[in-house]
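Me: I would like a close look at one part of this model: chain B and the ligand sites it lines. Please start there, then work outward to the partner chain.

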Amino acid sequence: MYPTSSFLESDTLTMRSNTLSARAWFASDRWSRWLAAGVVLAALSGCQDMYDQHRYEPFESSTFFDDGASSRPLVAGTVPRTDPRNLPDVDDRNLLLTGLKDGQPSRSAPFPVDQTVLERGQGRYRIYCAPCHGELGDGKGIIVQRGFTTPPSYHEDRLREAPLGHFFQVITDGHGVMYSFASRVAPQDRWAIASYIRALQLSQNAKVSDLPPEDQDKIQEASK
Amino acid sequence: MPQVFHPSANTLSRVVLFSLVVGPAALLGLVYLLVRSPYQTQVRVIREQPVQFSHEHHVNGLGIDCRFCHTSVETASAAGMPATHTCMTCHSQIWADSPLLEPVRASLKNQEPLAWSRVHDLPDFVYFHHGIHVQKGVGCVECHGRMDKMPLAWREKPLTMEWCLDCHRNPEPRLRPKDDVFAMDWEPPADSGLALGGELLQKSHMEVGQLTNCSICHR
Ligand code: HEC
Ligand code: HEC
Ligand code: HEC
Ligand code: HEC
Ligand code: HEC
Ligand code: HEC
C-alpha cells in the first residue's frame, strides 16, 4: 500500500526496480508533487470559505425562502421575551404601546416628560417628520414642496386641542395618505415626538405673559 | 589569449546583477500594489442596483437624514437597509408612475424585498458594530466618505485591517461631537486643534490601548 500524500512516500518508491524509466518517472513525480503543493497553497490562499461562512449576516439574501430574504417577518402576536426596543419601565404598559387610556386617546404620556424627553423628541421629529411637516410643524416641508399632499398645520385649533394620544396613534398607524412609522420609531420615541409637537404648538402660540419676567422685560425694551 | 568576454559583458553583468536584486523586489511591489488596488479593495466601484437610488438627490437635494432610511445605525451592528415601505412613504405620491421606480412598486405588490447588491462587505470573520462607532462620535464620513455627493453608492475606504487599525491606534483626531455624527460637512472648530478629540475621548471613557486587541474584531 502506498501512502499518496506524504513526502515520505519516496522511500517506498525507491524500493521498486531501479530502471531508467522508473527513475525518470520518480524525478518528474517529485516536480509534480511540488507543483501540486504549490497549487494547493495557491488555492488555499484564495479560499473564500472563511470570508463567506455558512451563516446569515443581517439582511443577507437566501434562496431557501420564497421572498429571497433570510430574516423572517414576525408572526402576528409575537411577544419578545426581552424587548430589543429598550422599552422604559412604566406603570401602564398598555398606554405605552397603544396610546389609549380607558379606551380613549390619552391626554398625558405614560412617563414624566422632562427636558431630556423633549430633546429626544426634537431629534426624532427632525429625522422622521420634518421632511413633510416642516421644522415648525406648519406642513410645508421639502417633500410637500415637491408635490406631496399638504398635511394640516399642527397649529390649527383641532390639532391643538387633540389629546397627546392622538399624535401617538397617527405615528403608530399612519393617517390617510401618511404611512405608519411603527417599524421605524419605537413607542417611547413616539411619545417623545408627540410631546415635542405639543411643545411646538405652545411655542408658536405663546403670549408675552407666558415668558419668564426677565425675557418679558427684554421684549418691552426691544419694542420701544 | 583572446578575450572570452566582450567589453559589453560588463554592462550585461551589471544589468543581470541589478535585475536579480530589483526583479523580486519589483514583483513583490507589484503584488502589494495589486492587493491594495481598487480592483482588489473595490474602492470607487459602482455596482448594478435594482433601482438607480441616488444619495446625492435624497441626502443633499432633499436634506433627508441617514436615519430616515438606515434606522438601526445608532444601536445595532448593521446600519439597516430601508424597507420598501420606507421608499413608498414618499413615492406613493412622488414620481408614482415613474418607470425608474417600477421595481419598488413591484416589490410592494409581490411582497418581495428589493435585493440591493452590497457595496461594503467585511469578511464573516470580522466583527463590526455601527452602534459603538456612532455613540462614540465617529462620523459616517470617516468611513463612507461624502455619501451626499454620490449619485450611486461606492466604497470610499479600502476596509482592510490596516485601515481599521489606523484609527483604532489613535482615534483622537477623528472624533466629533455626537450631534455631528450624521453631518456630511462637519469641520472641527478652527482653533480647537487636538483638544476637542482629547476631550471627547475622555468624556466617553475610551480605552485606546485595548482597541488593537485581536479579539476586538475577531471574536
Ligand atoms: C411623507 C410625508 C409625511 C411624513 C414623513 C410624516 N407625515 Fe404626518 N402627515 C402627512 C400628510 C400628507 C398628512 C395628512 C394625511 C391625510 O389627511 O390624508 C399627515 C397628517 C399628520 C397628522 C394629522 C392627523 C390628523 O388628525 O389630521 C399628524 C398629527 C401627523 N401627520 C404627524 C406626523 C408625525 C409625528 C410624523 C413623524 C413621525 C409624520 N407625521 C411624518 C405626511 C407626512
Ligand atoms: C431615502 C433613503 C436613504 C437615505 C436618506 C440614506 N440612504 Fe444610504 N442607502 C439607501 C439605499 C436604498 C441604499 C442601497 C442602494 C445603494 O447601495 O445605493 C443605501 C446604501 C448606503 C450605503 C452602502 C451600503 C452597502 O451596500 O454597503 C451606505 C454606506 C449608505 N447608504 C450610507 C448613508 C449615509 C451616510 C446616509 C446619510 C448621509 C444615507 N445613507 C442616507 C437609502 C438611503
Ligand atoms: C422622504 C421622502 C423620500 C423617500 C423616503 C424616498 N424618496 Fe426617492 N425621491 C424623493 C423625492 C422628493 C424625489 C424627487 C426629487 C426631485 O424632484 O428633486 C425622489 C426621487 C427619486 C428617484 C428619481 C431620482 C432621479 O434622479 O430622477 C428615485 C429612483 C428614487 N427617488 C428612489 C427612491 C428609493 C429606492 C427609495 C427608498 C430607499 C426612496 N427613493 C425614498 C423623496 C423620497
Ligand atoms: C468605523 C467605520 C464606519 C462608520 C463610522 C460608519 N460605517 Fe457604515 N459600514 C462600515 C463597514 C465596515 C460596513 C460593512 C459592514 C459589513 O460588511 O458587515 C458598513 C456598512 C454600512 C451599510 C450597509 C449595511 C450594513 O449595515 O452592512 C450602511 C447602510 C452603512 N454602513 C451606513 C452608515 C451610516 C448611515 C453611518 C453613519 C451613522 C455609518 N455607516 C458609519 C463602516 C462604518
Ligand atoms: C475613524 C476611526 C475608526 C475606524 C476607521 C474604525 N473604528 Fe472601530 N472604533 C472606533 C472608536 C472610537 C471605537 C470606540 C472605542 C471605545 O469605546 O473604547 C471603536 C470601537 C470598535 C469596536 C468595539 C470595541 C469594544 O470595546 O467592544 C469594534 C468591534 C470595532 N471598533 C471594529 C472596527 C472594525 C472592524 C473596523 C474596520 C472595518 C473599525 N472598527 C474601524 C474608531 C474607529
Ligand atoms: C480594528 C479591527 C481589527 C483588529 C483589532 C484586528 N483585525 Fe485582523 N482583520 C480585520 C479586518 C477588517 C480584516 C479583513 C481585511 C480584508 O478583508 O482585507 C482582518 C483580517 C485578518 C486576517 C486575514 C487576512 C487575510 O488576508 O485574509 C488575519 C489572519 C487577521 N486579521 C489577524 C489578526 C490578528 C492576529 C490580530 C491581532 C494582532 C488582528 N487581526 C486584529 C480587522 C481587525
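Reply: A caution comes before the details. This is a predicted model. Chain B comes first, then the ligand shells, then chain A.

Start with the fold of chain B. The chain has 11 helices and zero strands. Read from the N terminus, its elements run α-α-α-α-α-α-α-α-α-α-α. The radius of gyration of chain B is 25 Å, whereas a compact globule of 219 residues would have one near 17 Å. Along the principal axes, the C-alpha trace of chain B spans about 95 × 50 × 40 Å. Buried residues account for 14% of the 219 residues in chain B. Now take the contacts in chain B with a separation of 6 or more. Of these, 72% join residues 24 or more positions apart.

Next, the shell around ligand 4. There are 20 residues around this ligand, and A78(B), A79(B), H120(B), C140(B) and C143(B) come nearest. Two helices of chain B, α7 (130-135) and α8 (140-144), each supply at least two residues of the shell. The most comes from α8(B), with four residues. By class, the shell around ligand 4 holds 13 nonpolar, five polar and two charged residues.

Now ligand 2. It is surrounded by 22 residues, of which C66(B), C69(B), V119(B), H120(B) and A153(B) are the closest. The elements giving two or more residues to this shell are α3 (55-61), α4 (66-69) and α8 of chain B. The classes here are 14 nonpolar, six polar and two charged. H120(B) is listed among the nearest residues for ligand 4 and among the closest for ligand 2. Helix α8(B) also recurs, in the shell of ligand 4 and in that of ligand 2.

Follow chain B past α8. L159(B) sits in the loop between α8 and α9 (161-169). Its phi is positive, about 60°, although the residue is not a glycine. Most residues other than glycine have a negative phi. Is L159(B) buried, exposed or partly exposed? L159(B) has 19 other C-beta atoms within 10 Å, and a residue needs 20 or more to count as buried, so L159(B) is partly exposed.

The next loop of chain B, between α9 and α10 (195-203), holds R176(B). This residue is partly exposed because 19 other C-beta atoms lie within 10 Å. Leaving out residues up to four places away in sequence, R176(B) touches G137(B), G139(B), V181(B) and W186(B). R176(B) and E187(B) are 11 residues apart along the chain, and their C-alpha atoms are separated by 8.8 Å.

Now work outward to the partner. At the interface, 24 residues of chain A are in contact with 25 residues of chain B. On the chain A side, the elements that give two or more residues are α4 (115-128) and α6 (142-145). That side has 13 nonpolar, six polar and five charged residues.

What of chain A itself? It has 10 helices and two strands. Along the sequence, the pattern is α-α-α-β-β-α-α-α-α-α-α-α. Of its 224 residues, 20% count as buried. Among the contacts in chain A with a separation of 6 or more, 50% link residues 24 or more positions apart.

The two strands of chain A have a loop between them. D102(A) lies in that loop, between β1 (100-101) and β2 (104-105). Phi of D102(A) is near 50°, a positive value in a residue other than glycine. D102(A) counts as exposed because it has 6 C-beta neighbours inside 10 Å.

One helix of chain A deserves its own check. Helix α9(A) covers residues 187-204, so at 1.5 Å a residue its 18 residues should span 26 Å. Its end C-alpha atoms are 26 Å apart, which agrees. Buried residues in α9(A) include P187(A), D189(A), R190(A), W191(A), Y196(A) and L200(A). The buried residues of this helix pack against α3 (93-98), α4 and α8 (164-173) of chain A. Helix α4(A) thus has a place in two parts of this account: it packs with α9(A), and it gives residues to the side that touches chain B.

Key. Residues are numbered from 1 along each chain as its sequence is written. Chains are lettered from A and ligands numbered from 1 in the order in which they are written. This is a predicted model: local features need pLDDT of at least 70, side-chain atom pairs count only at pLDDT 80 or more; totals for chains, interfaces and linings use all residues. A residue is near a molecule or strand if its C-beta atom, placed from the backbone, lies within 6 Å of it. Ala, Val, Leu, Ile, Met, Phe, Trp, Tyr, Cys and Pro count as nonpolar, Asp, Glu, Lys and Arg as charged, and the others, Gly among them, as polar. A residue is buried if 20 or more other C-beta atoms lie within 10 Å of its own, exposed if 12 or fewer, and partly exposed in between; C-beta atoms are placed from the backbone. The radius of gyration is taken over C-alpha atoms; the globule rule is 2.2 Å times the number of residues to the power 0.38. Two residues are in contact if their C-beta atoms, placed from the backbone, lie within 7 Å. The expected span of a helix is 1.5 Å times one less than its number of residues.
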